[in-house]
Each structure stands twice: as structure tokens, then as C-alpha cells.
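I opened this notebook page to record, entry by entry, what I looked up in the model shown below. I began with the chains taken singly and then turned to where they meet.

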Amino acid sequence: MKQKSTQQPFNTPEGYFENFGERLKGKLAQPKSVIPKNSGFTVPQGYFEELLGQLDERRRPKAKVIPLHPYKKHIWIAASVAVLVLLAVGLGRELQPSITFEDLAHEDIEAYLENNDLGLSSYEIAEFLPLEDVPAHLNLSEEQMLEYLTNHVDHINELNLENDD
Amino acid sequence: MISEKDLIKELQTKATREKAFTALVGTYQERLYWHIRRIVLVHDDADDVLQNTFIKVYRHIGNFKGESKLFSWMYRIATNEALTFLAQRSKKMGFSDTEHQERMMASLQADVYFEGDAIQLKLQQAIATLPEKQKLVFNMKYYDELKYGEISEILETSVGALKASYHLAVKKLEAFLKET
């Protein structure tokens, strides 16, 4: 049977108010969110009972150990001396002027090149020679050339002459 | 039960300090533990941070002026300790934020004191993606069930900003859990 309002011309379904409270509770009981309320974390059994004891242990002042051989004092002295020595050596090096290429005497360079095998061929050395001072054509007479070859070439093979015949 | 005001007074008095400290630990250990645990995730780390928190409280209680509630002050110390712990570890290992989060998730799965199912593990993965502030606000509101006023005092942030952070966090987490 439909319930009729005494003041308004509106109706409600049959039994609407009888089970309204139940339906409301059901609605409230429904989970609002997909986020689980239980996060899944656990603690070891008896953890909270033992915590205070662990804290007491940490707060307790540790007994001071007096060393039989107080070597630490000597270590500090040794370390201080070492630092001073290192500083003195370092400063000494810092004060010495550094040597540049210009400071080397030509004789020293020549002596070094003569006494040390650099493993460079004549052609490789020639690549470093400046060409500005070399004349394009040398006006040498045949006698001069023969004289130079006689004095400076020990073996004819060094001339790398191509023999067509 | 002893009032907070009396507890502070006893903690600051040498003769009553030990007894008051026992009462303090008994009252707040679980709440602080769970707050810390949700930040560092793994039990052993939470234990370290919780002990450091209480030691710090014990050592600095003499300087506590009572400008905020004792509970808020302790929560703030616990939060700072937990965040510093994570930052130091991350720096020590030379990890980026992403690498660090991945490591934390791996540690959580290996932790024998995590019995979460797939959804709970996914939730932790989702929480890990939140910005620091949203993460804290979400845990404090959703799990610790603190009031916005209390969170405001602990994090020193306005209630309005906290509400916005919380709702943003919930939206993100729900979206993450629904889509995966």
C-alpha cells in the first residue's frame, strides 16, 4: 500500500522508511577506496616489550678503557713531525724555478741527441728542419760535389743510386 | 594517566627522568614506530631510526620549551631521522632517486616482516612514486589517522595545503591501483 503525505502530493515506495536505516548502513559499510587499510607490515614477536631494554643499553655510559700503552700520544707526535717534514720538502720544491726549453744550452741538446738513440731516421729528422733558410738551388760545381762525396760518403750504397743497367 | 605537562616536567627533572622516560617510551613507541616504518619500509631500519629518535628525545628534552605538543615534537624528530636515514643511505650508495626506490622495494619484498599481498606491495610501490610531502601527509592521515591540525603542527604546513596534498595523493594512489 502506498504511503501518502498529508502535506505534499508525493509518494514513496512501499516500506521505504522501514528499511532506510539498513540500506544506509550497507552503503556506509561499503569500502570507499581501493586503498587497503592494512599495509602488510609486521614486527618481530615481543619487539615492543624489548625496545626499552635496548634503549637502556644504548643510553648506558660505556666504561672508559685505559690503555696499558698510551701509544696514541706518540702517534700524534710522529704525525706532526711527518707533516712538518712534508711541508718543508713541498715548500722547498715550490721555491725552485722550473726549467724551460730556452734554458738549455745548445751544446747540451746536441750532446743529448748524439748520446741517445732517438730511433729517428734522417728523413724523419729532416721533416723538422725549417725550409726558410734553405736556398731553392744550390750552385755547386762538379768539383765541390765530388770533394764532398769523397770526404763524407764511406759506402757508395748509401747514395741509393738506381742502376738501370 | 599522567598529563603531558607533568610528563615533560618529570623528564626535565633529573630525579624523575628515568621513570618518566620509561612512561614516554611505553606511550609513544608504537605510534612512532609505525610512522617511521612507513617511511623506511624495512623493520631493521625502522628499529634503528626509532631508537635514534628516542635517544635524541632523551638527550634534548631539557631544551624542549613546550611551544608545540610533546607528541608533535617527537613526531617531527622521528620524521627528520627517517628522512635523513634514507638520504644518507642513498648518498652513500650513490643511487639516483629511482634506483633508491627500486632498492627499497626489493628490500621490502625480502623483509620477513612484510606479509603484504600483491595489492599491499603495489600500494607501497604507488606510495613510493609520490612526492615526499604527499607521501608523508598520506601516511599520517590515512594510516596514523592524525588530524590535519596535528599534521600541520608536525610538518609546519598550513591545513589547506595539507588537505590539497592528501586529496592529490589519494587520487594518484587510486588511479595507480586501478590501472595496474
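I looked up the secondary structure of chain A and found six helices and two strands, which run, from the N terminus on, as β-β-α-α-α-α-α-α. I keep in mind throughout that this is a predicted model.

I then checked burial in chain A, where buried residues make up 8% of the 165 residues. The accessible surface of chain A comes to about 16,300 Å², and I noted that carbon and sulfur atoms account for 58% of that surface.

Turning to chain B, I counted nine helices and zero strands, so listed along the sequence as α-α-α-α-α-α-α-α-α. Of the 180 residues in chain B, 48% count as buried, a label I apply to residues under 20% relative accessible area. Chain B exposes about 9,500 Å², with carbon and sulfur atoms supplying 50% of that area.

I also looked at how the contacts within chain B are spread along its sequence: among those with a separation of 6 or more, 61% are between residues 24 or more positions apart.

Next I went to the interface, asking how many residues of each chain are in contact with the other. I found 39 residues on the side of chain B and 21 on the side of chain A. The area buried between chain B and chain A is about 2,800 Å², and carbon and sulfur atoms give 64% of it. Within chain B, the residues that lose the most area to chain A are Gln51(B), Tyr113(B) and Tyr142(B), which together make up 20% of what that side buries.

For the polar side of the interface, I noted that the rule finds two salt bridges between chain B and chain A. One of them pairs Glu145(B) with Lys37(A), with the closest N and O atoms 3.7 Å apart, which I set against the 4 Å cut-off of the rule. I also recorded 14 residue pairs in polar contact across this interface, both partners being at pLDDT 80 or more.

Finally I asked which helices of chain B each supply at least two residues of the side that touches chain A. They are helix 2 (17–40), helix 3 (43–60), helix 6 (118–128), helix 7 (132–143) and helix 9 (159–179). Helix 2 of chain B gives the largest share, with 10 residues. By class, I listed this side of chain B as 21 nonpolar, eight polar and 10 charged residues.

Note on methods:
Residues numbered from 1 in each chain as written. Chains lettered and ligands numbered in written order. Predicted model: local features only at pLDDT ≥ 70, side-chain atom pairs only at ≥ 80, totals over all residues. Heavy atoms only, no water. Contact = heavy atoms within 4.5 Å. Buried area = accessible area lost by both parts, 1.4 Å probe. Salt bridge = Lys/Arg side-chain N within 4 Å of Asp/Glu carboxyl O. Polar contact = N/O pair within 3.5 Å; in protein donor to acceptor, adjacent residues only side chain to side chain. Helix = DSSP H or I, 4+ residues; strand = E, 2+ residues; numbered from the N terminus. Nonpolar A, V, L, I, M, F, W, Y, C, P; charged D, E, K, R; others polar. Buried < 20%, exposed > 50% of the residue type's maximum accessible area, 1.4 Å probe, protein only. Areas by Shrake-Rupley, 256 points an atom, 1.4 Å probe, with all protein chains shown as cover.
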